[in-house]
Amino acid sequence: MPNQYDSFDAFGFKPQILRGVTEAGFVTPSPIQAEAIPHILEGRDLIGQAQTGTGKTAAFGLPTMNRIERFDRVELLVITPTRELATQVSDELFKLGRFAGVRTVTVYGGQSSYRQVDLISRGAQLVVATPGRLLDLLSSGRLKNFSPSIVILDEADEMLDMGFLDDIKEIFKFLPAERQTLMFSATMPQPIKELASKILRDPVSIKVTPAEETANKDIFQQYYVIEEHERDDAILRLFDAEEPTKSIIFTRTKKEAERLSTMLIAKGYGAKGLHGDMEQKSREEVIKGFKSNQLDILVATDVAARGLDVKDVSHVFNYHIPFDPESYVHRIGRTGRAGKKGIAVTLVTPLEYKELQRIKKIAGANIKMEQVPTLGDVKKAHSGKLVSAILNARLSDEARQLLTVLEEQIDAQQLALKALSLLIEKQNISGPDSIGVNPQRLEKLLNDRRDRAPKRGGGKGGYSKFRKPYGGSGGGSRGYGSNDGYRGGGGSRSRRDDR
Ligand code: ADP
Ligand code: MG
């Protein structure tokens, strides 16, 4: 839907709020901002559904901060699922609201609640809180005269995933009945819809679908068909070939995140895992390291990386195909932010190929098939770069000094050869020559599967052969009898506990 809000001036914000927008460098409202802000300014309740990275914080932050009338008490309450997100939202709202004099206090577990309460009582208009600590403070009666007129639930589906639903319901018992309530969520599972019907009053619903997201245009999406056992080799080869500056690799399980990050570290990469089993403190350290470029690679599970706003991620890798189209969109949304280009890479086995087609269709994604470069290709590309690096190298005094030492021991040709060999060895490019399934073989594998798959409406033959990986001739090909346990009933089990 075209919208007349193509600049922030059109909303009629106070000058102090507009100044925050300008200083933050925002020029054009994002789709969710253009659609949500006018309703929020009018005082309506609202459900906003949009993927990560679409600017939801400013979508609720700007109009609500604009609506603050009393500065002698807490007027706005934002509830976010994790401490990381609470900090992130606080930072963003501070940035946008500082000229309007909005004072923010962040409330979460693991830090002195005394200090948090004290800061609030000394005059804050905005509180950003995680559910556990907030409920503690409310139920123990330590927040005096706490009666925010606007309440915002951010990343509601994530609260559900993390088991905070009951806490949320309990929290609302302490909040004034007369209030404006906003709820933001990337997805709308049933329990969230039910919650919405309880806490919101006659809400406007806004949904920004991925197709409308401008961010997606900046993400170049590709997939590689590989065999199950080739995942690590493929990742390493793609790193050698693409030389990503900053990347996130998504895995399905915590264990996988651990194993993969350990493997990458052993290969000399600056990688760390990020998953739900880690202590809050070490998670924060990892995120900080990644944000400040001390780490180049984050190996993360979906839940751990949700909502995190890290700039300049050049590549997102899906080590396994994600469970559903929504997580695909979430994951790749970590790159191609703020008008920058990003690359999203997905590894799929022939068995997962159909799943990929489904994701492609539902997410409306334009994902192109590519071949993993061969060892020869990559070496050739690197040699090319080495040649130009050598031709363009600046001469250092240390090099001149070393040369005088070496000249006495070795002739120039030998010296050059040895120096080059050292440089090439340092590039450390290895692995099998060719990785992955080429299009002809893929076609054949897919055809074989079609032949063997149960036919609808009384197909005969072929059925029992396909059913059991250990039966019949099908057992021979590697991708088939793989350990992709998530596909059956077992999958949904591992979804929550395992991440
Ligand atoms: P979400 O909550 O939807 O995941 P965020 O609110 O965290 O997204 O915003 C993602 C990033 O985009 C932030 O760095 C934010 O400062 C930036 N941003 C938000 N709105 C705009 C805008 N209109 N123009 C430019 N950058 C924006
Ligand atoms: Mg957000």
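Two strands count as paired if DSSP finds at least two bridges between them, and helices (H or I, at least four residues) and strands (E, at least two) are DSSP runs numbered from the N terminus. In this predicted model, local features need pLDDT of at least 70 and side-chain atom pairs count only at pLDDT 80 or more, while totals for chains, interfaces and linings use all residues. Residues are numbered from 1 along each chain as its sequence is written, ligands are numbered from 1 in the order in which they are written, and side-chain values use heavy atoms, with hydrogens and water left out.

On that footing, seven strands form an open sheet in the order 3-4-2-5-6-1-7, with parallel pairing. Strand 3 (104-107) and strand 7 (204-207) sit at the edges, each pairing on one side only. Inside the sheet, strand 1 (residues 46-49) runs parallel to strand 6 (residues 180-185) and is joined to it by four bridges; here Q49 stands opposite S185.

Helix 6 (residues 131-139) has P131, R133, L134, L135, L137 and L138 as its buried residues (under 20% relative accessible area, 1.4 Å probe, protein chains only). Just after helix 6 comes G141, with a positive phi of about 70°.

Then there's ligand 1. Helix 3 (56-67) and helix 4 (83-97) each supply at least two residues of its shell. Polar contacts (pairs of N or O atoms within 3.5 Å) involve the side chains of Q33, 2.8 Å from a nitrogen atom of ligand 1, T57, 2.6 Å from an oxygen atom, and E92, 2.9 Å from an oxygen atom.

Notes: Buried means under 20% relative accessible area, exposed over 50%, partly exposed in between (1.4 Å probe, protein chains only). A polar contact is a pair of N or O atoms within 3.5 Å; within protein, one must be able to donate a hydrogen and the other to accept it, and residues adjacent in sequence count only if both atoms are side-chain atoms.
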